Amino acid sequence: MEKLIGLIRLLWPEVTADFEYSLRQVLVREELPKKQLVLKEGQVAHKMYFIEKGCVRGYYLKEGQEVNSWFMKEGDFVISIVSFYTKLPSEEIIETLEESLLWAISRQNLERLYLQYPAFNLVGRLLTEKYYVLSEQRTQSLRKKTADERYRNLLAAFPDISNRVPLKYIASYLGISPETLSRLRAKKW
């Protein structure tokens with residue numbers, strides 16, 4: 001939990017002891033094994049998670065095939081954005097790729113903290129901006145960049161990804177075949 005509190009303090013240096021106490025009261029520690037579904041397709045996402053330890057992926061099914069949308073690791077937040085904010089069933093599936101330690105907060109408790117501590121809304125806005133930018137960068141990358149460029153960008157953002165994420169998931173995320181990914185990995189830059 002200290003990593004999460006530290007991150008919040010970086011974004012909002014004026015964190016009060018009262019806020020920190022209130023946050024600690026509503027966070028729930030979840031230790032999950034590898035390959036654990038955090039959110040299933042068709043469920044409504046009622047929680048947001050902070051990853052203290054581990055790696056998590058988001059994916060959806062298209063014609064029976066898994067299509068990977070994102071990977072998150074220590075220090076990141078995990079959420080099915082559309083389901084969490086619309087309160088509609090999720091098309092996205094969230095799964096741990098490693099044994100993971102997550103801190104969960106319910107939508108209800110998050111909204112209560114926003115109301116009780118209006119300055120905390122700044123943290124929510126800054127995190128929303130960060131993840132929206134990442135989403136836009138991914139969309140633009142898929143449209144504009146070559147497979148080689150996409151792979152290099154992924155390695156720059158997540159250097160040890162190939163040690164933590166199966167290659168078939170990485171290939172899916174990059175929008176390429178596993179064979180193409182193997183050729184890219186064999187290249188010397």
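Helix α1 passes helix α2 in a right-handed crossing. This is a predicted model. Besides this helix pair, the briefing covers an open sheet of four strands and helix α8, which is largely enclosed by the rest of the structure.

**Helix pair α1 and α2**

- Two packed helices are described by the angle between their axes and the distance between the axes.
- For α1 (residues 2–11) and α2 (residues 17–26), the axes come within 12 Å and the crossing angle is roughly 140°.
- The two helices are therefore oblique to each other.
- On the α1 side, the contact is made by Glu2, Ile5, Ile8 and Arg9; α2 contributes Phe19, Glu20, Leu23 and Arg24.
- Four of these contact residues are nonpolar and four are charged, with no polar ones.

**Open sheet**

- The sheet has the strand order β1-β8-β3-β6, and its pairing is antiparallel.
- β1 (28–32) and β6 (77–78) stand at the edges with a single partner strand each, so one side of each has no neighbour in the sheet.
- Strand β3 (residues 47–53) runs antiparallel to β6 and is joined to β6 by two bridges.
- Tyr49 has Val78 of β6 as its bridge partner.

**Helix α8**

- Helix α8 spans residues 167–174, and six of its eight residues are buried, so the helix is largely enclosed by the rest of the structure.
- The buried residues of α8 are Tyr169, Ile170, Ala171, Ser172, Tyr173 and Leu174.
- Gly175, just after α8, takes a positive phi of about 75°.

Methods. Residues numbered from 1 in each chain as written. Predicted model: local features only at pLDDT ≥ 70, side-chain atom pairs only at ≥ 80, totals over all residues. Heavy atoms only, no water. Pairing = 2+ DSSP bridges. Axes fitted to C-alpha atoms, helices over the stretch in contact; angles between N-to-C directions. Parallel < 35°, antiparallel > 145°, perpendicular 65-115°, else oblique. Left-handed = near helix turned anticlockwise from the far one by under 90°. Contact = heavy atoms within 4.5 Å. Nonpolar A, V, L, I, M, F, W, Y, C, P; charged D, E, K, R; others polar. Buried < 20%, exposed > 50% of the residue type's maximum accessible area, 1.4 Å probe, protein only.
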